[in-house]
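Here is a short tour of one protein, written for someone new to reading structures. Keep the 3D view open and follow along.

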Amino acid sequence: MKFILALALLISSTVNANTETYDDAYYAKHSIASELPTNDNDWTFLVVGDWGRNGHFAQRDVAKWMDIAAYQFDAEAIISTGDNFYDNGVASVNDPYWQSSFESVYHGPHLFLDWYVVLGNHDYRGNWQAQIDYSNISRRWNMPAQYFDKRITIPDGASLHLVFIDTSPLNPDYQHEEKYRETQAQDANAQLTWFKRTLETNQDADWTIVIGHHPLYSSGKRFGKNAAVRSVIEPILEQYHVDAYIAGHEHDLQHNQPAARTVEHFVSGGGSEVRATAIREFTRFAQSSAGFALVRVNTRQIALEFINEQGEVLYQYIIATTQEP
């Protein structure tokens with residue numbers, strides 16, 4: 001009874017707080033000044049990570065501009081790079097955190113898209129299975145398993161292969177950390193076998209993007225601390241000619257491109273709290289900013305833009321196809 005009363009009060013306060021009117025005038029007033037041309041054949045999605053903080057820090061502002069971006073660029077999906085609930089995940093599918101940190105924050109009308117979600121290390125400090133099970137409760141929350149993939153046909157006929165991996169069990173640094181003991185219950189070798197087989201059987205895809213929680217290179221707080229997880233994942237990305245790897249974990253926005261590597265490395269972990277960044281030898285862009293990534297894919301290119309919590313475009317980058325049209 002106490003839980004039901006608390007949940008009712010939470011929902012009531014949420015409804016009263018969300019007084020913005022979303023109409024044509026609202027979206028005419030709020031727009032993102034992207035310099036990249038819009039293509040009707042794009043398949044567009046947003047990427048946000050490290051967000052679950054009850055709306056605190058910049059979480060609500062980021063959510064506001066995600067909704068505007070989804071409307072303006074006709075987004076088809078939203079991807080989360082993990083650490084969906086701080087600090088210790090959720091207790092169950094009935095945890096009030098689902099309402100206070102997800103449903104009531106991402107309430108804009110254009111955020112009711114398919115969300116494809118991976119687990120972060122903080123999610124493993126709670127009931128990670130509940131995040132999979134929530135897929136049976138929420139129409140928009142999609143986490144069918146700890147790792148999974150999705151093949152998409154873009155409007156112009158090209159194919160996009162999205163691969164969602166669970167990096168915490170693959171991270172050797174967690175093998176002896178008590179607070180991440182639960183990450184080691186998964187058979188990491190089984191996931192790696194699946195990962196290689198999935199990439200192998202989808203080599204005909206025009207584009208392949210892998211999404212995980214842990215970055216393999218960092219221009220932020222964890223600079224120089226990624227070698228262990230990188231040694232496990234990067235050889236597979238390079239072997240199968242993955243176009244881009246998008247992660248979270250670092251609370252900022254980054255594009256890293258190490259020498260003699262073909263995979264583009266992005267970090268979209270600015271969903272709420274932010275941390276400091278620096279320029280390293282592999283840094284193409286790094287900013288201590290809240291925000292998210294806007295990604296548009298067609299036959300010719302992947303276009304990625306970082307947008308901050310004020311709706312400003314911070315960075316634009318295009319991965320162009322090397323194939324003949």
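## A histidine with two polar partners

In this predicted model, the side chain of His 255 makes a polar contact of 2.8 Å with the side chain of Glu 264. The His 255 side chain also has a polar contact with the side chain of Tyr 315, at 2.7 Å. You can find His 255 in strand 9, which covers residues 253-256.

Is His 255 buried or exposed? It counts as buried, because its relative accessibility is 0% and the cut-off for buried is under 20%. Leaving out neighbours within four places in sequence, His 255 is in contact with Glu 264, His 265, Phe 266, Phe 282, Thr 283, Arg 284, Phe 285, Phe 306, Tyr 315 and Tyr 317. So both polar partners, Glu 264 and Tyr 315, turn up in that contact list as well.

## A glutamine in a loop

Now move over to Gln 186, which sits in the loop between strand 6 (159-164) and helix 6 (188-201). Although it is in a loop, Gln 186 counts as buried because its relative accessibility is 13%, and anything under 20% goes in that class.

What does Gln 186 touch, if you skip residues up to four places away in sequence? The list is Tyr 124, Gln 146, Tyr 147, Asp 166, Pro 169 and Gln 191. With Asp 166 there is also a polar contact between the side chains, at 2.8 Å. For a sense of scale, try finding Asn 298: Gln 186 and Asn 298 are 112 residues apart in sequence, and their C-alpha atoms are 36 Å apart in space.

## Charged pairs

Side chains of opposite charge can pair when their charged atoms come close. How many salt bridges does this model have? The count comes to nine, and three of them are worth a look here.

Start with Glu 178 and Arg 181, whose side chains meet in a salt bridge at 3.2 Å, N to O. Glu 178 and Arg 181 are both exposed. Next comes Glu 234 with Arg 261, where the closest N and O atoms are 3.1 Å apart. That pair links distant parts of the chain: Glu 234 is in helix 7 (residues 227-239), while Arg 261 is in the loop between strand 9 and strand 10 (264-268), 27 residues apart. Glu 234 is buried, since its relative accessible area is 6%, whereas Arg 261 is partly exposed, with 33%. Finally, Arg 296 forms a salt bridge with Glu 305, and here the closest N and O atoms are 2.4 Å apart. Arg 296 and Glu 305 are both buried.

## The nonpolar cores

In soluble globular proteins, nonpolar side chains tend to be buried together. In this model, the largest nonpolar core has 71 residues, and those with the most contacts inside it are Phe 45, Met 66 and Leu 160. Which element gives this core its largest share? That is helix 3 (residues 59-72), with seven residues. Setting aside neighbours within four places in sequence, Phe 45 is in contact with Ala 77, Ile 79, Leu 160, Ile 209, Ala 293, Leu 294, Val 295 and Val 297. Apart from the largest core lies another one, of 20 residues, among them Leu 192, Ile 236, Tyr 240 and Val 263.

For one more nonpolar residue, look at Ile 233 in helix 7. Ile 233 is buried, because its relative accessible area is 0%. Not counting residues up to four places away in sequence, Ile 233 touches Ile 165, Thr 167, Leu 170, Phe 195 and Leu 216. Ile 233 and Asp 187 are 46 residues apart in sequence and 15 Å apart in space, C-alpha to C-alpha.

## Zooming out

Time for the whole protein, which has seven helices and 14 strands. The C-alpha atoms fill a box of roughly 55 × 50 × 35 Å along the principal axes. A compact globule with 325 residues would have a radius of gyration near 20 Å, so the protein's 19 Å agrees with that.

Of the 325 residues, 55% count as buried. The accessible surface comes to about 13,900 Å², and 48% of it belongs to carbon and sulfur atoms. Among contacts with a separation of 6 or more, 73% are between residues 24 or more positions apart.

Notes: Residues are numbered from 1 along each chain as its sequence is written. This is a predicted model: local features need pLDDT of at least 70, side-chain atom pairs count only at pLDDT 80 or more; totals for chains, interfaces and linings use all residues. Side-chain values use heavy atoms; hydrogens and water are left out. Helices (H or I, at least four residues) and strands (E, at least two) are DSSP runs, numbered from the N terminus. Buried means under 20% relative accessible area, exposed over 50%, partly exposed in between (1.4 Å probe, protein chains only). Contact means heavy atoms within 4.5 Å. A polar contact is a pair of N or O atoms within 3.5 Å; within protein, one must be able to donate a hydrogen and the other to accept it, and residues adjacent in sequence count only if both atoms are side-chain atoms. A salt bridge is a side-chain nitrogen of Lys or Arg within 4 Å of a carboxyl oxygen of Asp or Glu. The radius of gyration is taken over C-alpha atoms; the globule rule is 2.2 Å times the number of residues to the power 0.38. Accessible areas come from the Shrake-Rupley method with a 1.4 Å probe; for residues, only the protein chains shown count as cover. A nonpolar core is a set of buried Ala, Val, Leu, Ile, Met, Phe, Trp, Tyr and Cys residues joined through side-chain atoms within 4.5 Å.
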